[in-house]
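Take a walk through this structure, one site at a time. Keep the sequence beside you as you read.

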Amino acid sequence: MARNKVKLAYIENNAARKASYNKRKKGLLKKVNELSTLCGVEACVVIYPSASDSQPEAWPSNVAAQRILSDFKALPAEEKSNRTLTQESLIKQMIAKAEERLKKMREENRRMELTQIMFQIFGGRPLNTVKREDFNDLRILIDQNLNAIDIRLQMLNESYVLQ
């Protein structure tokens with residue numbers, strides 16, 4: 001059974017809000033425990049339940065959470081910055097990855113476009129209809145294809161001789 005999408009808004013009903021808080025807290029603690037166990041990392045969670053309940057809850061314990069936080073605070077500033085991920089650095093990473101994917105897709109599209117032009121030329125397309133800047137790229141593509149064919153022929157000849 002699929003779950004329904006949750007509307008992210010303040011839950012007015014106190015009982016429903018408390019029940020949701022307890023369920024979600026339990027799930028969060030379970031996920032942090034799994035992360036810590038599966039990945040072998042030290043993790044802690046500090047939860048401030050509400051303004052009226054000023055005592056924060058810590059997992060795995062107050063002492064362990066304080067130790068993890070003090071270890072982090074004791075790191076040099078340079079290492080801290082290496083270990084923290086800000087919204088800005090995350091977005092920069094995502095943009096860099098997207099730009100790299102875009103570059104690869106453009107290269108692949110260009111290769112496919114040149115391959116199509118190559119087959120059209122082999123099929124009788126006049127050379128004077130091909131753009132001047134495409135000729136060098138076409139020459140490189142044809143050379144690559146000829147080299148791949150030569151390698152394949154050598155492999156087939158070697159396997160034929162061995163039989």
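Start with the aromatic rings. A search of the whole structure, which is a predicted model, turns up one aromatic pair. Its partners are Phe119 and Phe122. Their ring centres lie 6.4 Å apart, and the planes meet at 80°. That makes the pair edge-to-face, because the angle is over 60 degrees. Both residues sit in helix α4, which covers residues 87-122. They are three residues apart, about one turn of the helix. Are these two rings buried or exposed? Phe119 is exposed, and Phe122 is exposed too.

Now look at the largest nonpolar core. Six residues build it: Leu114, Ile117, Met118, Val130, Leu138 and Leu141. Helices α4 and α5 (132-162) each supply at least two of them. The largest share, three residues, comes from α4.

Pick out Val130, one of the core residues. Which residues does Val130 touch, leaving aside neighbours within four places in sequence? They are Ile117, Ile121, Arg125, Phe135 and Leu138. Among them, Ile117 and Leu138 also belong to the core.

Last, move to helix α1, residues 14-39, and find Lys25 there. Why does Lys25 count as buried? Its relative accessible area is 18%, and the cut-off for buried is under 20%. What does the side chain of Lys25 join through a polar contact? The partner is the side chain of Glu57, at 2.7 Å. Glu57 also appears among the contacts of Lys25 beyond four places in sequence, together with Ile47.

Notes. Residues numbered from 1 in each chain as written. Predicted model: local features only at pLDDT ≥ 70, side-chain atom pairs only at ≥ 80, totals over all residues. Heavy atoms only, no water. Phe/Tyr/Trp six-rings, centres within 6.5 Å; stacked < 30°, edge-to-face > 60°. Helix = DSSP H or I, 4+ residues; strand = E, 2+ residues; numbered from the N terminus. Buried < 20%, exposed > 50% of the residue type's maximum accessible area, 1.4 Å probe, protein only. Polar contact = N/O pair within 3.5 Å; in protein donor to acceptor, adjacent residues only side chain to side chain. Contact = heavy atoms within 4.5 Å. Core = buried A, V, L, I, M, F, W, Y, C linked by side-chain atoms within 4.5 Å.
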